[in-house]
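Welcome, and thanks for opening the viewer. Let's walk through this model one selection at a time.

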Amino acid sequence: MIPTEPKRRRDALLSLFFLVLTVGLAFLPTGYESHIDENAVQCKGRVLSVSDADVLQFGLVRTGIQAVELEILDGPHAGQTVRGLNQLLGKMEMDKLFVPGDTALVVLTRNAAGEVTHVNPVDHYRLGLELVLFGLFVALLLAFGGWTGAKALLSFAFSGLVIWKILIPSFLNGYNPVLVSLGVVTILTACVIFLVGGVTRKGTTAFLGAMLGVGTACVLALIFTDLFRLHGAIKPFAESLLYTGYGHLDLKRIFVAAVFIGSCGAMMDLAMDVAASIEEVARGMPGAGRRQLLGAGLRVGRAVVGTMTTTLLFAYSGGYIALLMMFMAQGVPLSNLFNLIYVAAEVLNTLVGSFGLVAVAPFTALVGAFLFGAPRLAARETERAPA
């Protein structure tokens, strides 16, 4: 179906609106720029040589200090040769080892005279490859999706900026994490759905259905986080955050917010699937009653929801494969495994997110039946229905 001129104009204006917001967010200060060390300079450095004389190895674990000689490749100190120290903490998930020929991201600390006083080889330089991968993603999205792909890319950029510029600073400033997250999720859901689906009955149906599912997941997360006795500090770096001057943060509510934020993307997908199916049925059967449309939406929802809940299971369990392997290798009983606080947190993540996801289908079907249905026909069907 070819979009009408008013619909195209409305679509273009909405895209322009979110484009302006995205550009504005890109220049919006977070309030934490002053925390950046003004005397620090980030640059690339090529590793010329290393010295492992002060590195101690205990099995697979290395501790100590690796001396690294680097040639600075860019920035105000390009061409200079400097020496830095790579601190090894004995944690394989955090430590890195350099060899000659590597390219490292280097932070140079300078004094008032502009002389380098400290060299920190942060990690292997990966920004170039990340940009290449992102460029391939953009190219594929635009080649396959065309104008719709461009709108999806805009919603992707807008979502990332909202999370970084609004959500994270609001958490750090001590605002209520649940309320802030609900507001952010509402904005992002509206952006994604209305950009891709348009400001139409289909888009409205998908938006309302997704938000009802998010609300369900939020309520369940609030209830069961307290019942599970989860304190919120189980997430990586949460405890470190408390010790760096942010002891006022409510980590439990931040954990609750993370639960429904993590599942809202899948809820949007399911809501759009159900809304699109109801629209197609309404278009193919002009005058279809609300009961017919509700049945069609529920049937599509049942077909999709099975794979979508499994998607959440894969997403959450994929990050804990090593943990599950360790417990199996040590013969830990499943009762012990599921009773551990960090495993229980992922169980809550998966089940609450899946519960909200399953609820999206009937919610969206109900909203779609109301918005797309023919009231008169629906009334006649209700009158003919047996008591």
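Start by selecting glutamate 279 and lysine 202: the two form a salt bridge, with their closest N and O atoms 3.9 Å apart. This is a predicted model, so please read every stop on the tour in that light. Now colour the helices that carry the pair. Glutamate 279 sits in helix H6 (residues 251–284) and lysine 202 in helix H4 (residues 201–227), so the salt bridge ties together parts that are 77 residues apart in sequence. Are the two partners buried or exposed? Glutamate 279 counts as buried at 15% relative accessibility, and lysine 202 counts as buried at 18%. Add Glu280 and Arg283 to your selection, and you will have a network in which salt bridges with shared partners join Lys202, Glu279, Glu280 and Arg283.

The structure holds seven salt bridges, so there are others to visit. Next, select aspartate 11 and lysine 151, whose closest N and O atoms are 3.0 Å apart in a salt bridge. Aspartate 11 belongs to helix H1 (residues 5–26) and lysine 151 to helix H2 (residues 127–172), so this pair connects parts that are 140 residues apart in sequence. Try a surface view here: aspartate 11 is buried, with a relative accessible area of 14%, and lysine 151 is buried too, at 6%.

Stay with helix H6 for the next stop, and select Phe260 and Leu270. In the largest nonpolar core, which has 68 residues, these two touch the most other members. Which elements supply at least two residues each to this core? They are H1, H2, helix H3 (177–197), H4, H6, helix H7 (290–318) and helix H10 (341–372). The largest share, 18 residues, comes from H6. As a general point, nonpolar side chains in soluble globular proteins tend to be buried together.

Zoom in on phenylalanine 260 and show what surrounds it. Leaving aside residues up to four places away in sequence, phenylalanine 260 touches Val178, Ser181, Leu182, Val185, Val214, Ala217 and Cys218. Another core, of 12 residues, lies apart from the largest one; among its members are Val41, Cys43, Val106 and Leu108.

Now turn to the strands. Five of them form an open sheet in the order S3-S2-S1-S4-S5, with antiparallel pairing. At the edges you will find strand S3 (81–89) and strand S5 (116–124), each pairing on one side only. Neighbouring strands of this sheet are turned by 40° against each other on average, direction ignored. For a closer look, select strand S2 (residues 61–72) and S3: nine bridges join these antiparallel strands. Glutamine 66, for instance, has asparagine 86 in S3 as its bridge partner.

Then pick arginine 46 and glutamate 71, whose side chains meet in a salt bridge (3.3 Å, N to O). Arginine 46 is in strand S1 (residues 40–58) and glutamate 71 in strand S2, 25 residues apart. Both ends are partly exposed: arginine 46 has a relative accessible area of 36%, and glutamate 71 has 25%.

Finish with the cysteines. How many disulfides does the structure hold? The count is zero. Select cysteine 191 and cysteine 264 to see one example: the sulfur of cysteine 264 is the closest cysteine sulfur to that of cysteine 191, but at 12 Å it is too far for a bond. Cysteine 191 is buried, with a relative accessible area of 0%. Cysteine 43 is buried as well, at 3%.

Key: Residues numbered from 1 in each chain as written. Predicted model: local features only at pLDDT ≥ 70, side-chain atom pairs only at ≥ 80, totals over all residues. Heavy atoms only, no water. Pairing = 2+ DSSP bridges. Helix = DSSP H or I, 4+ residues; strand = E, 2+ residues; numbered from the N terminus. Axes fitted to C-alpha atoms, helices over the stretch in contact; angles between N-to-C directions. Salt bridge = Lys/Arg side-chain N within 4 Å of Asp/Glu carboxyl O. Buried < 20%, exposed > 50% of the residue type's maximum accessible area, 1.4 Å probe, protein only. Disulfide = S-S within 2.5 Å. Core = buried A, V, L, I, M, F, W, Y, C linked by side-chain atoms within 4.5 Å. Contact = heavy atoms within 4.5 Å.
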